[in-house]
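Work through the exercises below with the sequence and the structure side by side, and try each task before reading its solution.

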Amino acid sequence: MPVQTPELNWDTLLGIARKNTSARRIRRPGQSPSTAPIPSSLHQLPPDTILPVLLYRDTNSWCPFCERVWFALEEKEIPFATEFIDLSNKPKWYTDLVPTALVPAARIEGELVYESKEILLALEERFDDLPLLPEEPQENAVARQWIVEDETNGFKEAAYKFLLGKSSDADEIATLQTAFEVKLDELEQALGKYPGAYFLSRFSLVDIMYSPHLDRLAASLPVYRNYFIKGNPRFPRINAWFEALNQRPAYHRVKSDDITSNLLFRRRWGLEPVRNLLPLDLMYSETMQFRAEAAERLIDNHEVAIADVLKNSGVQTLAGEDSTSAFREAIEVHLQLLAEYLLYGESLPLPWGRIGGKDNLNPSSAAVGAIALAYVRNRICAPRDMSAGAATALRVAIDKVLASLY
Ligand SMILES: N[C@@H](CCC(=O)N[C@@H](CS)C(=O)NCC(=O)O)C(=O)O
(Lines give C-alpha, C1' and ligand atoms only; values in the text may rest on other atoms or scores of the structure.)
Protein backbone atom coordinates (compact mmCIF):
# COMPACT_ATOMS: atom_id res chain seq x y z
CA MET A 1 0.00 0.00 0.00
CA PRO A 2 1.47 3.42 -0.89
CA VAL A 3 2.52 5.52 2.08
CA GLN A 4 0.27 8.56 2.48
CA THR A 5 2.28 11.78 2.50
CA PRO A 6 1.08 13.90 5.41
CA GLU A 7 0.17 17.52 4.71
CA LEU A 8 3.45 19.18 5.57
CA ASN A 9 4.64 22.74 5.65
CA TRP A 10 7.76 24.39 7.08
CA ASP A 11 6.20 24.86 10.53
CA THR A 12 5.09 21.28 10.97
CA LEU A 13 8.36 20.00 9.55
CA LEU A 14 10.27 22.13 12.06
CA GLY A 15 8.21 20.66 14.91
CA ILE A 16 9.00 17.12 13.74
CA ALA A 17 12.71 17.87 13.35
CA ARG A 18 12.94 19.44 16.81
CA LYS A 19 11.33 16.41 18.40
CA ASN A 20 14.23 14.35 17.05
CA THR A 21 17.22 16.51 17.92
CA SER A 22 18.22 18.80 20.75
CA ALA A 23 20.75 20.65 18.54
CA ARG A 24 19.87 24.35 18.26
CA ARG A 25 21.69 27.43 16.98
CA ILE A 26 21.38 31.17 17.39
CA ARG A 27 20.02 33.06 14.39
CA ARG A 28 22.03 36.06 13.20
CA PRO A 29 19.70 37.80 10.73
CA GLY A 30 21.50 39.69 7.99
CA GLN A 31 24.95 38.68 9.25
CA SER A 32 27.60 36.23 8.12
CA PRO A 33 27.50 33.47 9.23
CA SER A 34 23.71 33.45 9.44
CA THR A 35 23.72 31.25 12.56
CA ALA A 36 26.07 30.56 15.46
CA PRO A 37 26.44 27.46 17.60
CA ILE A 38 25.26 27.48 21.20
CA PRO A 39 27.94 26.21 23.62
CA SER A 40 26.80 22.97 25.25
CA SER A 41 27.51 24.47 28.70
CA LEU A 42 25.26 27.53 28.29
CA HIS A 43 22.24 25.91 29.92
CA GLN A 44 24.20 25.75 33.20
CA LEU A 45 23.97 29.52 33.59
CA PRO A 46 21.01 31.73 34.47
CA PRO A 47 19.96 33.90 31.50
CA ASP A 48 21.74 37.26 31.07
CA THR A 49 24.86 36.08 32.95
CA ILE A 50 28.05 37.67 31.65
CA LEU A 51 29.95 34.85 29.96
CA PRO A 52 33.53 34.36 31.17
CA VAL A 53 35.01 33.93 27.69
CA LEU A 54 34.56 35.72 24.37
CA LEU A 55 36.16 33.86 21.46
CA TYR A 56 37.12 35.78 18.31
CA ARG A 57 37.15 33.37 15.40
CA ASP A 58 36.79 33.28 11.60
CA THR A 59 33.38 33.66 9.93
CA ASN A 60 33.77 30.44 7.91
CA SER A 61 34.81 28.32 10.90
CA TRP A 62 37.64 26.83 8.85
CA CYS A 63 40.50 27.96 11.06
CA PRO A 64 42.16 24.93 12.72
CA PHE A 65 43.68 27.13 15.44
CA CYS A 66 40.22 28.47 16.37
CA GLU A 67 38.95 24.88 16.41
CA ARG A 68 41.54 24.04 19.06
CA VAL A 69 40.16 26.72 21.38
CA TRP A 70 36.53 25.79 20.72
CA PHE A 71 37.37 22.13 21.38
CA ALA A 72 38.91 23.00 24.78
CA LEU A 73 35.99 25.26 25.73
CA GLU A 74 33.55 22.44 24.99
CA GLU A 75 35.62 19.81 26.80
CA LYS A 76 36.02 22.04 29.84
CA GLU A 77 32.34 23.06 29.69
CA ILE A 78 33.19 26.76 29.85
CA PRO A 79 30.30 28.93 28.67
CA PHE A 80 31.42 31.38 25.99
CA ALA A 81 30.23 33.80 23.34
CA THR A 82 31.65 34.01 19.82
CA GLU A 83 32.50 37.09 17.79
CA PHE A 84 33.11 36.33 14.12
CA ILE A 85 35.92 38.07 12.23
CA ASP A 86 35.82 38.25 8.45
CA LEU A 87 39.41 37.40 7.54
CA SER A 88 39.04 38.81 4.02
CA ASN A 89 38.06 42.18 5.47
CA LYS A 90 39.20 42.40 9.08
CA PRO A 91 37.61 45.24 11.01
CA LYS A 92 40.00 47.97 12.13
CA TRP A 93 38.97 47.54 15.78
CA TYR A 94 40.22 43.93 15.57
CA THR A 95 43.58 44.73 13.98
CA ASP A 96 44.00 47.52 16.55
CA LEU A 97 43.11 45.11 19.38
CA VAL A 98 45.16 42.03 18.48
CA PRO A 99 48.86 42.62 17.73
CA THR A 100 49.15 39.66 15.33
CA ALA A 101 45.76 40.48 13.74
CA LEU A 102 45.22 36.70 13.51
CA VAL A 103 42.39 34.55 14.86
CA PRO A 104 41.83 33.08 17.35
CA ALA A 105 41.96 35.60 20.16
CA ALA A 106 39.93 35.50 23.34
CA ARG A 107 38.83 37.68 26.18
CA ILE A 108 39.16 35.51 29.25
CA GLU A 109 37.51 37.10 32.26
CA GLY A 110 38.21 40.46 30.62
CA GLU A 111 41.84 39.82 29.64
CA LEU A 112 42.81 39.62 25.98
CA VAL A 113 44.86 36.55 25.03
CA TYR A 114 45.95 35.61 21.49
CA GLU A 115 47.75 32.68 19.86
CA SER A 116 45.87 29.39 20.22
CA LYS A 117 48.52 27.79 22.42
CA GLU A 118 48.50 30.76 24.84
CA ILE A 119 44.70 30.75 24.95
CA LEU A 120 44.61 27.02 25.74
CA LEU A 121 47.13 27.45 28.56
CA ALA A 122 45.30 30.51 29.94
CA LEU A 123 42.00 28.58 29.98
CA GLU A 124 43.77 25.80 31.84
CA GLU A 125 45.11 28.21 34.42
CA ARG A 126 41.82 29.97 35.11
CA PHE A 127 39.34 27.10 34.84
CA ASP A 128 40.65 24.15 36.78
CA ASP A 129 37.50 22.01 36.69
CA LEU A 130 37.85 19.36 34.00
CA PRO A 131 41.61 19.80 33.55
CA LEU A 132 43.22 19.10 30.20
CA LEU A 133 46.77 18.85 31.53
CA PRO A 134 47.94 15.89 33.65
CA GLU A 135 48.37 16.40 37.38
CA GLU A 136 51.39 14.11 37.68
CA PRO A 137 54.39 16.52 37.45
CA GLN A 138 56.55 14.53 35.06
CA GLU A 139 53.71 13.89 32.65
CA ASN A 140 52.63 17.51 33.01
CA ALA A 141 56.14 18.59 31.96
CA VAL A 142 56.04 16.30 28.92
CA ALA A 143 52.65 17.76 27.97
CA ARG A 144 53.92 21.32 28.21
CA GLN A 145 57.02 20.46 26.21
CA TRP A 146 54.95 18.88 23.42
CA ILE A 147 52.65 21.90 23.37
CA VAL A 148 55.60 24.29 23.01
CA GLU A 149 57.17 22.05 20.34
CA ASP A 150 54.06 22.43 18.20
CA GLU A 151 55.67 25.64 16.91
CA THR A 152 59.12 24.15 16.36
CA ASN A 153 58.81 20.44 15.52
CA GLY A 154 58.15 21.06 11.81
CA PHE A 155 55.05 18.85 11.65
CA LYS A 156 52.68 21.46 10.23
CA GLU A 157 55.27 22.82 7.82
CA ALA A 158 56.05 19.36 6.39
CA ALA A 159 52.34 18.50 6.21
CA TYR A 160 51.17 21.61 4.39
CA LYS A 161 54.19 21.68 2.05
CA PHE A 162 53.20 18.20 0.93
CA LEU A 163 49.49 19.05 0.62
CA LEU A 164 49.69 22.53 -0.85
CA GLY A 165 52.89 22.26 -2.92
CA LYS A 166 52.19 23.33 -6.50
CA SER A 167 54.90 21.21 -8.08
CA SER A 168 53.89 18.58 -10.61
CA ASP A 169 57.35 17.03 -10.50
CA ALA A 170 56.92 13.46 -9.20
CA ASP A 171 60.37 13.36 -7.55
CA GLU A 172 59.73 16.60 -5.72
CA ILE A 173 56.35 15.39 -4.49
CA ALA A 174 57.92 12.08 -3.37
CA THR A 175 60.51 14.05 -1.36
CA LEU A 176 57.78 16.11 0.31
CA GLN A 177 55.85 12.90 1.06
CA THR A 178 58.91 11.31 2.66
CA ALA A 179 59.53 14.40 4.81
CA PHE A 180 55.91 14.34 5.95
CA GLU A 181 56.00 10.60 6.69
CA VAL A 182 59.02 11.17 8.95
CA LYS A 183 56.87 13.61 10.95
CA LEU A 184 53.97 11.15 11.06
CA ASP A 185 56.38 8.46 12.28
CA GLU A 186 57.36 10.83 15.11
CA LEU A 187 53.70 11.25 16.09
CA GLU A 188 53.18 7.49 15.86
CA GLN A 189 56.08 7.04 18.30
CA ALA A 190 54.87 9.80 20.63
CA LEU A 191 51.46 8.10 20.81
CA GLY A 192 53.22 5.00 22.15
CA LYS A 193 54.83 6.78 25.10
CA TYR A 194 51.85 6.43 27.46
CA PRO A 195 49.24 3.67 27.70
CA GLY A 196 45.89 4.27 25.99
CA ALA A 197 45.02 5.81 22.64
CA TYR A 198 45.83 9.46 23.44
CA PHE A 199 49.22 11.23 23.50
CA LEU A 200 49.25 11.22 27.33
CA SER A 201 47.64 8.74 29.69
CA ARG A 202 44.34 10.61 29.22
CA PHE A 203 42.79 13.04 26.76
CA SER A 204 44.64 16.39 26.95
CA LEU A 205 45.57 19.66 25.28
CA VAL A 206 48.12 17.75 23.19
CA ASP A 207 45.30 15.88 21.43
CA ILE A 208 43.53 19.20 20.95
CA MET A 209 46.62 20.77 19.36
CA TYR A 210 46.84 18.01 16.75
CA SER A 211 43.25 17.06 15.98
CA PRO A 212 42.20 19.99 13.72
CA HIS A 213 45.32 19.61 11.57
CA LEU A 214 45.34 15.82 11.38
CA ASP A 215 41.63 15.83 10.53
CA ARG A 216 42.11 18.20 7.61
CA LEU A 217 45.15 16.25 6.38
CA ALA A 218 43.45 12.86 6.69
CA ALA A 219 40.48 14.21 4.71
CA SER A 220 42.38 16.02 1.99
CA LEU A 221 45.66 14.21 1.31
CA PRO A 222 43.77 11.27 -0.29
CA VAL A 223 41.98 13.65 -2.68
CA TYR A 224 44.87 15.93 -3.60
CA ARG A 225 47.92 13.68 -3.12
CA ASN A 226 46.45 10.17 -3.22
CA TYR A 227 47.96 9.67 0.23
CA PHE A 228 46.07 7.98 3.06
CA ILE A 229 46.61 8.37 6.79
CA LYS A 230 43.38 6.64 7.78
CA GLY A 231 43.60 2.92 7.11
CA ASN A 232 47.38 3.13 6.54
CA PRO A 233 49.01 0.13 8.32
CA ARG A 234 52.15 2.20 8.91
CA PHE A 235 50.24 4.32 11.48
CA PRO A 236 48.18 2.00 13.73
CA ARG A 237 48.40 4.33 16.76
CA ILE A 238 47.33 7.41 14.78
CA ASN A 239 44.37 5.40 13.51
CA ALA A 240 43.46 4.25 17.04
CA TRP A 241 43.76 7.89 18.16
CA PHE A 242 41.22 8.97 15.50
CA GLU A 243 38.88 6.23 16.77
CA ALA A 244 39.28 7.46 20.36
CA LEU A 245 38.55 11.06 19.36
CA ASN A 246 35.43 9.83 17.60
CA GLN A 247 34.01 8.79 20.98
CA ARG A 248 34.07 12.37 22.31
CA PRO A 249 30.89 14.47 21.97
CA ALA A 250 32.88 17.74 22.05
CA TYR A 251 34.89 16.59 19.03
CA HIS A 252 31.69 16.01 17.05
CA ARG A 253 30.52 19.54 17.87
CA VAL A 254 33.68 21.27 16.64
CA LYS A 255 35.07 19.20 13.77
CA SER A 256 34.65 19.73 10.02
CA ASP A 257 33.34 17.03 7.75
CA ASP A 258 35.61 15.62 5.04
CA ILE A 259 33.82 17.37 2.17
CA THR A 260 34.07 20.78 3.83
CA SER A 261 37.84 20.24 4.10
CA ASN A 262 38.10 18.88 0.57
CA LEU A 263 36.24 21.82 -0.94
CA LEU A 264 38.15 24.32 1.20
CA PHE A 265 41.48 23.29 -0.27
CA ARG A 266 40.10 23.59 -3.81
CA ARG A 267 38.41 26.93 -3.24
CA ARG A 268 40.96 28.63 -1.06
CA TRP A 269 44.21 27.22 -2.47
CA GLY A 270 43.08 26.16 -5.95
CA LEU A 271 44.24 22.54 -5.48
CA GLU A 272 43.33 20.11 -8.26
CA PRO A 273 41.90 16.81 -7.04
CA VAL A 274 43.71 13.71 -8.30
CA ARG A 275 40.76 11.48 -7.33
CA ASN A 276 37.13 11.81 -6.30
CA LEU A 277 36.20 13.50 -3.06
CA LEU A 278 36.05 11.04 -0.19
CA PRO A 279 32.91 8.88 -0.05
CA LEU A 280 30.29 10.08 2.40
CA ASP A 281 30.12 8.16 5.64
CA LEU A 282 26.70 6.51 5.48
CA MET A 283 26.76 5.93 9.23
CA TYR A 284 25.76 9.58 9.67
CA SER A 285 22.89 9.35 7.22
CA GLU A 286 21.47 6.41 9.15
CA THR A 287 21.54 8.23 12.48
CA MET A 288 18.24 10.00 13.14
CA GLN A 289 19.84 12.55 15.44
CA PHE A 290 22.07 13.82 12.60
CA ARG A 291 19.33 13.64 9.96
CA ALA A 292 17.02 15.60 12.25
CA GLU A 293 19.73 18.18 12.99
CA ALA A 294 20.30 18.64 9.25
CA ALA A 295 16.54 18.97 8.69
CA GLU A 296 16.18 21.41 11.60
CA ARG A 297 18.93 23.63 10.17
CA LEU A 298 17.53 23.51 6.66
CA ILE A 299 13.96 24.23 7.76
CA ASP A 300 14.79 26.94 10.29
CA ASN A 301 17.10 28.67 7.82
CA HIS A 302 15.15 27.99 4.61
CA GLU A 303 14.52 31.66 3.74
CA VAL A 304 18.27 32.37 3.85
CA ALA A 305 18.99 29.17 1.91
CA ILE A 306 16.49 30.02 -0.85
CA ALA A 307 17.82 33.59 -1.16
CA ASP A 308 21.38 32.24 -1.32
CA VAL A 309 20.51 29.75 -4.09
CA LEU A 310 18.75 32.48 -6.08
CA LYS A 311 21.62 34.92 -5.70
CA ASN A 312 24.70 32.72 -5.93
CA SER A 313 24.00 29.39 -7.68
CA GLY A 314 23.80 30.91 -11.15
CA VAL A 315 20.20 29.75 -11.60
CA GLN A 316 19.03 33.32 -12.29
CA THR A 317 21.13 33.45 -15.45
CA LEU A 318 18.84 30.83 -17.00
CA ALA A 319 15.94 33.23 -17.42
CA GLY A 320 14.81 36.79 -16.88
CA GLU A 321 13.74 38.50 -13.68
CA ASP A 322 10.10 37.54 -14.27
CA SER A 323 10.93 33.91 -13.49
CA THR A 324 12.13 34.70 -9.96
CA SER A 325 8.91 33.76 -8.23
CA ALA A 326 8.61 30.49 -10.22
CA PHE A 327 12.25 29.70 -9.47
CA ARG A 328 11.73 30.54 -5.82
CA GLU A 329 8.80 28.16 -5.65
CA ALA A 330 10.75 25.38 -7.37
CA ILE A 331 13.67 25.81 -4.98
CA GLU A 332 11.31 25.81 -2.00
CA VAL A 333 9.53 22.62 -3.13
CA HIS A 334 12.82 20.78 -3.55
CA LEU A 335 14.27 21.94 -0.24
CA GLN A 336 11.06 20.85 1.44
CA LEU A 337 11.34 17.46 -0.26
CA LEU A 338 14.83 17.21 1.09
CA ALA A 339 13.69 18.06 4.63
CA GLU A 340 10.94 15.44 4.40
CA TYR A 341 13.37 12.85 3.14
CA LEU A 342 15.70 13.57 6.06
CA LEU A 343 12.83 13.16 8.52
CA TYR A 344 10.91 10.29 6.93
CA GLY A 345 13.64 8.45 5.04
CA GLU A 346 12.66 5.62 2.80
CA SER A 347 9.07 5.56 4.05
CA LEU A 348 8.18 8.38 1.66
CA PRO A 349 7.81 7.74 -2.08
CA LEU A 350 10.20 10.57 -2.79
CA PRO A 351 10.08 12.95 -4.42
CA TRP A 352 7.02 12.21 -6.41
CA GLY A 353 4.64 11.63 -3.50
CA ARG A 354 5.06 15.21 -2.42
CA ILE A 355 4.04 16.74 -5.72
CA GLY A 356 1.39 14.24 -6.69
CA GLY A 357 3.43 11.92 -8.92
CA LYS A 358 6.30 12.11 -11.36
CA ASP A 359 4.03 13.18 -14.23
CA ASN A 360 3.15 16.36 -12.37
CA LEU A 361 6.73 17.51 -12.21
CA ASN A 362 7.24 20.48 -14.43
CA PRO A 363 10.61 19.99 -16.22
CA SER A 364 11.76 23.52 -15.54
CA SER A 365 10.95 23.10 -11.85
CA ALA A 366 12.98 19.86 -11.81
CA ALA A 367 15.93 21.60 -13.48
CA VAL A 368 15.87 24.46 -10.99
CA GLY A 369 15.46 21.97 -8.13
CA ALA A 370 18.48 19.99 -9.28
CA ILE A 371 20.58 23.15 -9.38
CA ALA A 372 19.39 24.15 -5.91
CA LEU A 373 20.17 20.74 -4.44
CA ALA A 374 23.61 20.53 -6.07
CA TYR A 375 24.41 24.05 -4.88
CA VAL A 376 23.33 23.39 -1.28
CA ARG A 377 25.30 20.13 -1.26
CA ASN A 378 28.56 22.00 -1.82
CA ARG A 379 27.62 25.26 -0.11
CA ILE A 380 27.10 24.00 3.40
CA CYS A 381 30.12 24.01 5.65
CA ALA A 382 30.62 22.14 8.89
CA PRO A 383 30.82 23.28 11.60
CA ARG A 384 29.85 26.78 10.36
CA ASP A 385 26.28 25.78 9.46
CA MET A 386 25.73 22.52 11.34
CA SER A 387 27.72 19.69 12.88
CA ALA A 388 29.90 17.48 10.68
CA GLY A 389 27.53 14.53 11.24
CA ALA A 390 24.51 16.59 10.16
CA ALA A 391 26.36 17.99 7.14
CA THR A 392 27.24 14.46 6.03
CA ALA A 393 23.64 13.28 6.54
CA LEU A 394 22.45 16.27 4.50
CA ARG A 395 24.85 15.57 1.62
CA VAL A 396 23.86 11.88 1.53
CA ALA A 397 20.17 12.84 1.49
CA ILE A 398 20.73 15.34 -1.33
CA ASP A 399 22.42 12.64 -3.41
CA LYS A 400 19.42 10.41 -2.81
CA VAL A 401 16.85 13.05 -3.79
CA LEU A 402 18.94 14.13 -6.81
CA ALA A 403 19.21 10.53 -7.97
CA SER A 404 15.43 10.26 -8.01
CA LEU A 405 14.87 13.44 -10.02
CA TYR A 406 15.87 12.14 -13.45
N1 LIG B 1 50.00 30.76 15.51
C2 LIG B 1 48.63 31.19 15.41
C3 LIG B 1 48.15 30.93 14.01
C4 LIG B 1 46.77 31.52 13.75
C5 LIG B 1 46.44 31.66 12.28
O6 LIG B 1 47.28 31.39 11.39
N7 LIG B 1 45.21 32.08 11.98
C8 LIG B 1 44.82 32.31 10.61
C9 LIG B 1 43.51 31.59 10.30
S10 LIG B 1 43.70 29.83 10.24
C11 LIG B 1 44.52 33.80 10.40
O12 LIG B 1 44.13 34.51 11.30
N13 LIG B 1 44.70 34.27 9.16
C14 LIG B 1 44.41 35.62 8.80
C15 LIG B 1 45.58 36.33 8.23
O16 LIG B 1 46.61 35.68 7.96
O17 LIG B 1 45.47 37.54 8.02
C18 LIG B 1 47.78 30.47 16.47
O19 LIG B 1 48.16 29.35 16.86
O20 LIG B 1 46.78 31.05 16.94
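**Exercise 1.** Determine which polar backbone atom lies 2.8 Å from a nitrogen atom of the ligand, and then look for polar side-chain atoms close to the ligand.

*Solution.* In this predicted model, the backbone partner belongs to Val-103, a polar backbone atom of which is 2.8 Å from a ligand nitrogen. Turning next to side chains, one finds a polar atom of Glu-115 at 2.8 Å from a nitrogen atom of the ligand, while an N or O atom in the side chain of Ser-116 is 2.6 Å from a ligand oxygen. These distances fall within 3.5 Å, the cut-off for a polar contact. As for area, the ligand taken alone exposes 520 Å², of which the protein buries 71%.

**Exercise 2.** List the residues around the ligand and sort them by class.

*Solution.* Begin with the residues that surround the ligand, which are Cys-63, Pro-64, Phe-65, Leu-87, Lys-90, Leu-102, Val-103, Pro-104, Glu-115 and Ser-116. Sorting this shell by class then gives seven nonpolar residues, one polar residue and two charged residues. Finally, with regard to the space that the ligand takes, this is the largest pocket.

**Exercise 3.** Find how many cavities of 30 Å³ or more the whole structure holds, and describe the lining of the largest cavity.

*Solution.* The search over the whole structure yields two cavities of 30 Å³ or more, and the largest cavity has a volume of about 60 Å³. Its lining includes Pro-37, Leu-55, Arg-57, Trp-70 and Phe-80, and also Pro-383 and Arg-384.

**Exercise 4.** State how the chain is divided into domains, and give the separation of the centres of domain 1 and domain 3.

*Solution.* The division assigns 53-126 to domain 1, 137-202 + 204-269 to domain 2, and 282-403 to domain 3. Taken over C-alpha atoms, the centres of domain 1 and domain 3 are separated by 33 Å.

How values were computed
Residues are numbered from 1 along each chain as its sequence is written. This is a predicted model: local features need pLDDT of at least 70, side-chain atom pairs count only at pLDDT 80 or more; totals for chains, interfaces and linings use all residues. Side-chain values use heavy atoms; hydrogens and water are left out. A residue is near a molecule or strand if one of its heavy atoms lies within 4 Å of it. A polar contact is a pair of N or O atoms within 3.5 Å; within protein, one must be able to donate a hydrogen and the other to accept it, and residues adjacent in sequence count only if both atoms are side-chain atoms. Accessible areas come from the Shrake-Rupley method with a 1.4 Å probe; for residues, only the protein chains shown count as cover. On a 1 Å grid over the protein atoms alone, a cavity is a set of points where a 1.4 Å probe fits but cannot get out, and a pocket is an open set with protein on both sides within 12 Å along at least five of seven lines; lining residues have an atom within 4 Å of a point. A molecule sits in a cavity or pocket if more than half of its atoms lie within 2 Å of its grid points. Ala, Val, Leu, Ile, Met, Phe, Trp, Tyr, Cys and Pro count as nonpolar, Asp, Glu, Lys and Arg as charged, and the others, Gly among them, as polar. Domain bounds come from an automatic or database domain assignment. Grid points are joined across faces, edges and corners, and a volume is the space filled by probe spheres set on the points.
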